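Me: Please take a close look at one buried spot in this structure and at what lies around it. I am new to it, so please go step by step and connect that spot to the rest of the chain.

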Amino acid sequence: AQEQMEKDPSRQRLPPGKLSALRTAAIQAMSNLLSANIDSGLMHSIGLGYQKDLQTRAAFIEVLTKILQQGTEFDTLAETVLADRHEQLVQLVTMIGDKGELPIAT
């Protein structure tokens, strides 16, 4: 499917500057969505951290970094709720695979 998309003459490539801006906007949008509802959002997006495509995986790690940096916005929540969310995030990111490896890091 990927090869067919690349060979399609009707598809135009974005210039590098626009592609970079699109990537940045997509990462910021996903970060904002996950920050709004981290419990539900992570369950639906955690699979991106396990993609074989390294660029997708790197983008997901960037999203997680932004979420953690935005953690100060959660200061109004009870400390236990914030601690629970961070604990869930750590558990999701450090899940051990069937072969004893960290799937998100391989």
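Reply:
**Ser31 and its surroundings**

Once the neighbours within four places in sequence are left aside, Ser31 is in contact with Val63, Lys66, Ile67 and Gln70. The model is a predicted one, and every statement here should be read with that in mind. Ser31 has its place in helix α2, and it counts as buried because its relative accessible area is 0%, where the cut-off for buried is under 20%.

One of the partners of Ser31, Ile67, can be followed further. With its neighbours within four places in sequence set aside, Ile67 is in contact with Ser31, Leu34, Ser35 and Ile38, so that the contact with Ser31 appears again from the other side. Ile67 also belongs to the largest nonpolar core, a group of twelve residues made up of Ile27, Leu34, Ile38, Leu42, Ile46, Ala59, Phe60, Val63, Leu64, Ile67, Leu89 and Leu92. Helices α2, α3, α4 and α5 (79-93) are the elements that give two or more residues to this core, and α4 supplies the largest share, five residues. In soluble globular proteins, nonpolar side chains tend to be buried together. Val63, another contact of Ser31, is likewise listed in this core.

A second serine offers a useful parallel. Ser45 lies in helix α3, which covers residues 38-45, and it counts as buried because its relative accessibility is 7%. Beyond its neighbours within four places in sequence, Ser45 is in contact with Met30, Leu34 and Phe60, and among these Leu34 and Phe60 are members of the core. From C-alpha to C-alpha, Ser45 and Leu34 are 8.7 Å apart in space, and eleven residues separate them in sequence.

Helix α3 also holds Met43, which counts as exposed because its relative accessibility is 56%, where exposed means over 50%. Met43 and Leu92 are 49 residues apart in sequence, yet their C-alpha atoms are 8.6 Å apart in space, and Leu92 is one of the core residues.

Helix α2, where Ser31 is placed, takes part in a pocket as well. The second largest pocket has a volume of about 230 Å³, and the elements that give two or more residues to its lining are α2 (16-36) and α4 (54-69). Its lining is formed by Leu19, Leu22, Arg23, Ala26, Ile27, Asp53, Gln55, Thr56 and Ala59, with the largest share, five residues, coming from α2. By class, this lining has five nonpolar, two polar and two charged residues. Ile27 and Ala59 appear both in the pocket lining and in the nonpolar core.

Stepping back to the chain as a whole, there are five helices and zero strands, arranged along the sequence in the pattern α-α-α-α-α. Of its 106 residues, 25% count as buried, and both Ser31 and Ser45 fall in that class. Among contacts between residues at least 6 apart in sequence, 57% join residues at least 24 apart. The chain exposes about 7900 Å², and carbon and sulfur atoms supply 57% of that area.

Key:
Residues are numbered from 1 along each chain as its sequence is written. This is a predicted model: local features need pLDDT of at least 70, side-chain atom pairs count only at pLDDT 80 or more; totals for chains, interfaces and linings use all residues. Side-chain values use heavy atoms; hydrogens and water are left out. On a 1 Å grid over the protein atoms alone, a cavity is a set of points where a 1.4 Å probe fits but cannot get out, and a pocket is an open set with protein on both sides within 12 Å along at least five of seven lines; lining residues have an atom within 4 Å of a point. Grid points are joined across faces, edges and corners, and a volume is the space filled by probe spheres set on the points. Helices (H or I, at least four residues) and strands (E, at least two) are DSSP runs, numbered from the N terminus. Ala, Val, Leu, Ile, Met, Phe, Trp, Tyr, Cys and Pro count as nonpolar, Asp, Glu, Lys and Arg as charged, and the others, Gly among them, as polar. Buried means under 20% relative accessible area, exposed over 50%, partly exposed in between (1.4 Å probe, protein chains only). Contact means heavy atoms within 4.5 Å. Accessible areas come from the Shrake-Rupley method with a 1.4 Å probe; for residues, only the protein chains shown count as cover. A nonpolar core is a set of buried Ala, Val, Leu, Ile, Met, Phe, Trp, Tyr and Cys residues joined through side-chain atoms within 4.5 Å.
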